[in-house]
Amino acid sequence: SAQPSEFQIRDSNWHSLSYLLNRLGHECHQGPVLKDNPYQIAQFLNTESFDILVTTGGVSAGDKDYLPSVLKDIGARIIFHKLNIKPGMPMLAATVNKKIILGLPGNPVSTYVTSLLFLPPLLSYLMGVDPITNWTEGILENSIDHTGNKEWIIPAKLVNGFLKPLKRLDSSDLIALAQADVLLRINSPKNKGDAVSYQRII
């Protein structure tokens, strides 16, 4: 593949999202890269045909994060915007003209974590089938020092029936995510042997 220039980054989000959707048995198409331009974003949302639109980036609190305001301007119903989780806090969900829009954060780990949390149950619900992913309980092999009021999503490995946390995720640490086979939900300090919720990574 081409070498990115000094001011470019590789598009890892399309690869992770298309991989997940293909694993779930769904067809997906890559849309255009839209500029940080409210008119261009609104025009795309109003004219393109889709059942579910998954976007990455443009949903946080930056000066150029226009998607939330554009959705409001075109009459969309904002179901939620910002979650009490880390990584993935800026996520947005909305509907407009019978279209479903999931606005995922742009950082690679945040993109994949939020897509894994929300896309499988949403698609299963729309198809009227049981979800392919479920949260279940397991036992921690190591303690976890939790701080703050956000729920942490932490990568871990399931080893001999025990959950071994790898490290706390930041929103760009793809290596830790690639090494994990489950995600943990942690909202308070945990000791070795405590039961916690986990979900397998597809």
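Author: A pocket is an open set of points on a 1 Å grid over the protein atoms alone, with protein on both sides within 12 Å along at least five of seven lines (lining residues have an atom within 4 Å of a point). This is a predicted model, so local features need pLDDT of at least 70 and side-chain atom pairs pLDDT 80 or more, while totals for chains, interfaces and linings use all residues. Residues are numbered from 1 along each chain as its sequence is written, and side-chain values use heavy atoms, leaving out hydrogens and water.

Reader: How much space lies in the largest pocket?

Author: Forty is the number to start with: the lining takes in 40 residues, and G31, P32, V54, T55 and T56 lie nearest the centre. A volume here is the space filled by probe spheres set on the points, joined across faces, edges and corners. For the largest pocket, that gives about 1500 Å³.

Reader: Which elements each supply at least two residues of that lining?

Author: Helices (H or I, at least four residues) and strands (E, at least two) are DSSP runs, numbered from the N terminus. On that numbering, the contributors are helix 1 (12–23), helix 2 (38–47), strand 1 and helix 4.

Reader: And what order do the strands of the open sheet have?

Author: Two strands pair if DSSP finds at least two bridges between them. Strands 4 (residues 92–96) and 5 (residues 99–104) run antiparallel, joined by five bridges, and A93 has L102 of strand 5 as its bridge partner. Overall the four strands show mixed pairing, in the order 1-5-4-2.

Reader: Which are the edge strands there?

Author: Look for strands that pair on one side only. Those are strand 1 (52–56) and strand 2 (77–81).

Reader: Are the rings of F80 and F118 stacked, edge-to-face or tilted?

Author: Rings of Phe, Tyr and Trp (its six-membered ring) pair if their centres lie within 6.5 Å, with planes under 30 degrees apart stacked, over 60 edge-to-face and the rest tilted. The count by this rule is one aromatic pair. F80 sits in strand 2 and F118 in helix 4, 38 residues apart. Their ring centres are 5.7 Å apart and the planes at 40°, so the pair is tilted.

Reader: Which peptide bond is cis, with omega near 0°?

Author: Most peptide bonds are trans. Try the loop between strand 3 (85–86) and strand 4, where P87 is found. The cis bond runs from K86 to P87.

Reader: What is the phi of K82?

Author: Most residues other than glycine have a negative phi. K82, in the loop between strand 2 and strand 3, has a positive one, near 85°.

Terms used
1 Å grid on protein atoms, 1.4 Å probe; cavity = no way out; pocket = protein on both sides within 12 Å on 5 of 7 lines; lining within 4 Å.
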